Amino acid sequence: MRLIAMVMLIAAMFCPAYVAAAEPETITVHLADFSFNPAQLRLRAGVPVRLHLVNDSTGGHDFSAPALFAASAFPVGTPPAGGKVELGARQSVDIVLEPRVPGTYRVECTHFLHSLFGMTGSVVVEAGAAPPK
Ligand SMILES: [Cu+2]
């Protein structure tokens, strides 16, 4: 019994997908001058998703959602530093997060004036099918 637990632990350490049980759904969000597309995401508490963030523009942007990230678990990797994901020109970044707390969370680009130019969005986290751990 102890051996099985040990094997599962080792598998979990070397295979992040094992932790998430199944490959999470991928949601692609495009960043541009000056928008998120889609601007509104609907997620479920307790259900991990892969956010595929794609910066289509030739300037830098970020995906800043500190409240959402603080209320989420990160089964793969670490929480984004400062509550935001920085994307250089034409860069794409994947993050896997598992929202834990239902609610509506603001997303914005914190680059100077970008949110004023309309670069804002929201993430609605609905109560999940699976209970939060
Ligand atoms: Cu921006």
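How many bridges join strand 6 to strand 8, and in which sense do the two run? Three bridges join them, and the strands run antiparallel. Two strands count as paired if DSSP finds at least two bridges between them. Strands here are DSSP runs (E, at least two residues) and helices are DSSP runs too (H or I, at least four residues), numbered from the N terminus.

Before we go on, a word on the model and its numbering. This is a predicted model, in which local features need pLDDT of at least 70 and side-chain atom pairs count only at pLDDT 80 or more, while totals for chains, interfaces and linings use all residues. Residues are numbered from 1 along each chain as its sequence is written.

## The chain as a whole

The protein chain holds three helices and 10 strands. Read from the N terminus on, its elements run α-α-β-β-β-β-β-α-β-β-β-β-β. Of its 133 residues, 24% count as buried. A residue is buried if 20 or more other C-beta atoms lie within 10 Å of its own, exposed if 12 or fewer, and partly exposed in between, with C-beta atoms placed from the backbone. Contacts are also read from C-beta atoms placed from the backbone: two residues are in contact if these lie within 7 Å. Among contacts between residues at least 6 apart in sequence, 71% join residues at least 24 apart.

## An open sheet of five strands

Now back to the strands. Five of them form an open sheet in the order 2-1-4-8-6, with mixed pairing. Strand 2 (35-37) and strand 6 (72-76) stand at the edges with a single partner strand each, so one side of each is left without a neighbour in the sheet. Neighbouring strands of this sheet are turned by 35° against each other on average, direction ignored; the axes behind such angles are lines fitted to C-alpha atoms, for helices over the stretch in contact, and angles run from 0 to 180 degrees between N-to-C directions.

The table lists the pairs in this sheet, with an example of facing residues for each.

| Strands | Sense | Bridges | Example of facing residues |
|---|---|---|---|
| 1 and 2 | antiparallel | three | Leu31 and Phe36 |
| 1 and 4 | parallel | seven | Thr26 and Arg50 |
| 4 and 8 | antiparallel | six | Arg50 and Val96 |
| 6 and 8 | antiparallel | three | Val76 and Val96 |

Strand 1 covers residues 25-32, and a hairpin joins strand 1 to strand 2 through two residues. In the pairing with strand 8, Ser72 stands opposite Pro99.

## The nonpolar core

In soluble globular proteins, nonpolar side chains tend to be buried together. A nonpolar core is a set of buried Ala, Val, Leu, Ile, Met, Phe, Trp, Tyr and Cys residues joined through C-beta atoms within 7 Å. The largest one here has 21 residues, and Leu53, Phe63, Ala65, Tyr105, Val107 and Val123 touch the most other members. Several elements each supply at least two residues of this core, among them strand 4 (49-55), helix 3 (66-70) and strand 8 (92-99). Leaving out residues up to four places away in sequence, Leu53 touches Val29, Leu31, Phe63, Val85, Leu87, Ser92 and Val93.

## The loop between strand 9 and strand 10

Three residues to look for here are His114, Met119 and Leu113. Why does His114 count as buried? Because 21 other C-beta atoms lie within 10 Å of His114. Met119 is buried too, with 24 other C-beta atoms within 10 Å. Leu113, by contrast, counts as exposed, with 9 C-beta neighbours inside 10 Å, and its phi is near 70°, a positive value in a residue other than glycine.

Leaving aside neighbours within four places in sequence, His114 is in contact with Phe34, His61, Cys109 and Met119. His114 and His61 are 53 residues apart in sequence and 8.4 Å apart in space, C-alpha to C-alpha. On the same basis of neighbours left aside, Met119 is in contact with Phe34, Ser35, Phe36, Glu108, Cys109 and His114.

## Backbone details

Phe34 lies in the loop between strand 1 and strand 2, and a cis peptide bond joins Asp33 to Phe34, with omega about 5°. Another cis bond runs from Asn37 to Pro38, with omega near 0°; Pro38 is in the loop between strand 2 and strand 3. In the loop between strand 7 and strand 8 you can find Arg90, whose phi is near 60°, a positive value in a residue other than glycine. Arg90 counts as exposed, with 11 C-beta neighbours inside 10 Å.
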